[in-house]
Amino acid sequence: MLDIINSPGTIGILGYGVTGKAVVRFCEKRRIPYKVFDESGSRKEQFSKEEAKKCHLIVRSPSFVLSHGWTKLAMAAGCCCLGELDLASCFWHGKIVAITGTNGKTTTTEFVAHALQIHGQRVVTCGNIGRPFIEMVDSAINEHGAWAVVEVSSFQMDGGTLFSPDYVLWTNFADDHLDIHGGIGEYFNCKANLLRNAKTPNGPQKHCFVGQSVHDFCENLRVADVLGKYTICSKFDLLPPESVLNIGTQQENFALVQEFWTCNGFPIGCLGEAALTFKIPPHRLQKVAKIKRRDMQTGKEKEVEFWNDSKATNFHALDAALASFHKKVILIAGGKSKDEPLEKFQKIVAGRIKALLLMGETGEILYRDPDASLVKKLEAHRFFPNHGDLEKLMADIVKHAFTIAEDGDVVLLSPGFSSLDWFKDYAERGKFFENGVLCLNLQNK
């Protein structure tokens with residue numbers, strides 16, 4: 001494959017976002033001729049059948065999945081098509097830990113890297129977490145003995161062939177991105193490419209670790225070629241009780257890391273220290289504040305907790321968040337659909353929440369749908385329309401939630417949908433929520 005990459009001719013780069021720009025820098029450093037094709041932006045250049053014939057190799061950004069028109073054109077023209085992870089892995093000298101999952105992959109990626117650093121290893125995190133893997137190829141850390149902890153999305157493994165990790169940690173699996181992949185089977189198979197491509201160690205030890213839901217889907221979907229190529233992980237007995245990971249699905253994610261850790265024979269004490277010193281990335285089921293206020297009518301004080309889980313952009317994450325509380329919550333939800341059936345959303349929240357505060361495109365659909373019986377049966381439900389000032393909108397939602405809350409209640413932002421209808425991203429949505437909570441807290445002091 002290195003012969004194809006280094007052979008004379010032009011490399012076509014599909015996309016000029018973060019990944020495309022990193023591939024450009026890779027080519028320029030090696031003086032490899034390239035041409036960028038982008039659907040929008042400063043380097044807008046359309047890809048065509050004629051252009052495809054001029055390229056011996058195509059490097060795809062994650063959004064250019066196999067079903068994308070440009071990818072189909074390239075393949076029809078006989079081009080060798082690689083994802084960015086495929087290209088990078090050809091030039092990486094160290095070990096690779098690939099981490100994927102419908103939810104929990106970013107936290108698990110950062111925790112694995114944190115633990116390895118405490119153990120004194122040379123580590124870099126990259127991939128879907130923000131920095132393309134190809135950027136690490138020319139870094140000083142690219143040497144034998146170093147670790148690349150790579151967060152991998154389904155988009156990145158759609159058609160992936162050369163990316164061959166030493167270890168795979170697949171946290172969980174549930175419906176997601178069905179609007180892109182066209183079905184749950186295709187979505188599963190994209191991620192399953194990691195198991196297919198993983199390096200096989202000598203001896204009986206498997207280097208692929210999965211959560212129970214991954215195994216269940218693998219059996220139900222009858223993906224026979226990867227069955228038996230992994231270890232199902234459920235033990236998290238090495239997780240200290242005081243760790244921030246000792247909650248809900250974080251325990252399940254830790255089980256995979258524990259198996260990976262003991263498989264390598266690393267010191268148990270380092271893993272425990274890592275779990276105690278690790279901080280969960282923002283907007284992932286974290287308590288923002290506990291607000292106290294005396295009720296002017298009853299004279300009694302009420303105490304309400306506010307939790308930010310803005311990263312919950314699918315039903316599986318929402319379900320996991322609700323399961324973390326042993327009481328009904330006031331839920332803030334809604335956003336842009338990923339083609340998951342809204343009936344499933346209603347079943348998830350039924351009997352588990354006392355109030356539903358809705359926003360976004362799907363929030364309005366649920367609020368106005370006369371058949372949304374489970375929503376209508378709630379004691380309190382309300383839709384908050386977008387009036388242009390989204391930060392003020394979120395502050396209004398927070399205030400309303402506190403007004404209807406009773407002593408001991410939990411107010412949870414766990415949208416269950418993408419943020420890309422109204423907000424820039426889930427981080428902006430979560431930040432506006434936290435700002436609203438902090439302002440409310442200041443008003444009550």
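Helix α2, spanning residues 18-29, lies across strands β1, β2 and β3 and runs at about 165 degrees to β1. The model in which this arrangement appears is a predicted one. Its mean pLDDT is 90, and 92% of the residues reach 70 or more. Confidence is highest in β7, at 98, and lowest in helix α8 (residues 178-181), where the mean is 60.

The strands beneath the description of α2 belong to an open sheet of 4 strands, ordered β2-β1-β3-β4, with parallel pairing. Its edges are formed by β2 (34-37) and β4 (80-83); each has a single partner strand, so one side of each is left without a neighbour in the sheet. From one strand to the next, the twist averages 25 degrees. Within this sheet, β1 (residues 10-14) and β3 (residues 55-60) pair in the parallel sense over 5 bridges. Ile-13 stands opposite Val-59 in β3.

A further open sheet contains 6 strands in the order β6-β7-β5-β8-β9-β10, and its pairing is parallel. Here the edge positions fall to β6 (123-127) and β10 (231-232), and because each has a single partner strand, one side of each is left without a neighbour in the sheet. Strand β9 (residues 208-210) pairs with β10 in the parallel sense over 2 bridges. In this pairing Val-210 stands opposite Ile-232 in β10. Helix α10 (residues 212-220) packs on the sheet and touches β8 (167-170), β9 and β10, its direction making about 95 degrees with that of β9.

Helix α11 also lies across strands of this sheet, namely β5 (95-100), β7 (147-151), β8, β9 and β10, and runs at about 160 degrees to β8. The same helix can then be followed to its contact with α12. The axes of α11 (residues 248-264) and α12 (residues 268-277) come within 10 Å and cross at roughly 155 degrees. An angle over 145 degrees counts as roughly antiparallel, and α11 and α12 are therefore roughly antiparallel to each other. Their crossing is right-handed. On the α11 side the contact involves Phe-254, Val-257, Gln-258, Trp-261 and Thr-262, which meet Ile-268, Cys-270, Leu-271 and Ala-275 in α12. By class, this contact has 7 nonpolar residues, 2 polar residues and no charged ones.

Helix α12 has a contact with α6 as well. The two helices, α6 (residues 105-118) and α12, pack at an angle of about 125 degrees, with their axes 9 Å apart. That angle makes α6 oblique to α12. The crossing of α6 and α12 is right-handed. From α6 the contact draws on Phe-111, His-114, Ala-115 and Ile-118, while α12 supplies Cys-270, Leu-271, Glu-273, Ala-274, Ala-275 and Thr-277. Sorted by class, the residues where α6 meets α12 comprise 7 nonpolar, 2 polar and 1 charged. Cys-270, Leu-271 and Ala-275 of α12 thus take part in the contact with α11 and also in the contact with α6.

A further helix pair is found later in the chain. Helix α14 (residues 342-349) and helix α15 (residues 360-368) pack at an angle of about 80 degrees, and their axes are 12 Å apart. This makes α14 roughly perpendicular to α15. Leu-342, Phe-345 and Gln-346 in α14 meet Thr-362, Ile-365 and Leu-366 in α15. The residues of this contact divide into 4 nonpolar and 2 polar, with no charged residue.

Notes: Residues are numbered from 1 along each chain as its sequence is written. This is a predicted model: local features need pLDDT of at least 70, side-chain atom pairs count only at pLDDT 80 or more; totals for chains, interfaces and linings use all residues. Side-chain values use heavy atoms; hydrogens and water are left out. Axes are lines fitted to C-alpha atoms, for helices over the stretch in contact, and angles run from 0 to 180 degrees between N-to-C directions. Angles under 35 degrees count as roughly parallel, over 145 as roughly antiparallel, 65 to 115 as roughly perpendicular and the rest as oblique. A crossing is left-handed if the near helix is turned anticlockwise from the far one by less than a right angle, and right-handed if clockwise. Contact means heavy atoms within 4.5 Å. Ala, Val, Leu, Ile, Met, Phe, Trp, Tyr, Cys and Pro count as nonpolar, Asp, Glu, Lys and Arg as charged, and the others, Gly among them, as polar. Two strands pair if DSSP finds at least two bridges between them. pLDDT is the predictor's confidence in each residue, from 0 to 100.
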